[in-house]
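Dear colleague,

Please find below the structure that I am handing over to you, together with its sequence. My notes on what was found in it follow directly after.

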Amino acid sequence: MIKNIAHLRQDYSAATLDIADTRPNPIDQFAHWFEEALNAEVKEPNAFTLATINAEGRPRARVVLLKGFDHEGFVFYTNYNSAKAHELLDYPYAALCFVWLELERQVRIEGRIEKVSAETSREYFQSRPKQSQIGAWASPQSTIITDRAILDAEMERLEQQYANEEVLPLPPHWGGYLVRPDLIEFWQGRRSRLHDRVQYRLEDVDWVRELLAP
């Protein structure tokens with residue numbers, strides 16, 4: 001057994017977050033922090049944990065990649081036959097959590113989720129590297145397979161089928177989701193676990209900023 005896990009700790013002191021210094025709109029604040037994460041060369045700053053609820057009421061989480069955001073919300077792509085997609089069909093709400101440890105920051109997002117248009121999905125899908133497009137066709141995501149060789153064989157078959165094509169058609173089972181946020185929290189690590197937390201809560205069409213205790 002690994003010992004002394006309880007004694008692992010880090011005191012944060014890189015920055016502070018004053019509510020008076022935040023943008024009135026949380027998407028603008030997210031864009032500001034995301035740009036700082038890019039400038040700090042955080043590894044995969046667009047990686048976030050996506051949490052959903054399954055039919056039994058059990059929460060499930062996995063890491064996915066953000067592929068766009070604007071004042072409408074946050075976009076990611078996946079297989080519509082995957083476990084997460086079935087969960088989102090039953091319960092169209094999700095929670096997102098970005099962690100940028102290099103900056104001692106977190107961003108939590110909650111909101112309702114919906115599919116993006118097929119045209120938006122197609123445009124993004126065909127902008128991906130060709131091998132990633134083939135992979136999306138080849139993998140029956142979240143289903144049980146008996147051998148990795150099944151995937152390798154399907155990849156090889158598709159590579160041959162589309163050898164003379166620059167892009168593949170959009171799979172009918174693949175596309176994007178838009179998370180329309182109604183709550184966003186910005187978390188900045190501070191000393192002695194007295195972290196700075198600024199929450200934005202959507203009331204009708206207006207965002208309300210609030211300071212949360214750590």
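The residues that line the second largest pocket comprise seven nonpolar, one polar and two charged. I should say at once that this is a predicted model, and the values below are computed from it.

To complete the account of that pocket: its volume is about 150 Å³. Its lining is made up of Tyr 80, Ala 85, His 86, Leu 88, Leu 89, Pro 92, Ile 113, Glu 114, Lys 115 and Tyr 177. Helix H2 (83–90) and strand E6 (105–115) are the elements that give two or more residues to this lining. Of these, H2 contributes the most, with four residues.

The largest pocket encloses about 340 Å³ of space. It is lined by 17 residues, and those closest to its centre are Tyr 77, Thr 78, Arg 128, Gln 141 and Trp 174. By class, eight of the lining residues are nonpolar, six are polar and three are charged. Strand E2 (59–65), strand E4 and helix H4 (130–138) each provide at least two residues of the lining. Which element gives the most to the lining of the largest pocket? That element is E4, with four residues.

Strand E4 therefore deserves a closer description, since seven of its seven residues (73–79) are buried, so the strand is largely enclosed by the rest of the structure. Buried here means under 20% relative accessible area.

The pairing of E4 may be set out as follows.

- With strand E3 (residues 68–70), E4 pairs in the antiparallel sense over three bridges. A hairpin of two residues joins E3 to E4, and Asp 70 stands opposite Gly 73 in E4.
- With strand E7 (residues 174–188), E4 runs antiparallel and is joined by six bridges. In this pairing Asn 79 stands opposite Trp 174 in E7.

Trp 174 thus appears twice in these notes: it faces Asn 79 across the E4 and E7 pairing, and it is also among the residues closest to the centre of the largest pocket. One general point may help when you inspect the strands: in a regular strand the side chains alternate between the two faces of the sheet.

In brief, E4 is a strand with seven of seven residues buried, it pairs antiparallel with E3 and with E7, and it gives four residues to the lining of the largest pocket.

With kind regards

Definitions and conventions
Residues numbered from 1 in each chain as written. Predicted model: local features only at pLDDT ≥ 70, side-chain atom pairs only at ≥ 80, totals over all residues. Heavy atoms only, no water. Buried < 20%, exposed > 50% of the residue type's maximum accessible area, 1.4 Å probe, protein only. Pairing = 2+ DSSP bridges. 1 Å grid on protein atoms, 1.4 Å probe; cavity = no way out; pocket = protein on both sides within 12 Å on 5 of 7 lines; lining within 4 Å. Points joined across faces, edges and corners; volume = space filled by probe spheres on them. Nonpolar A, V, L, I, M, F, W, Y, C, P; charged D, E, K, R; others polar.
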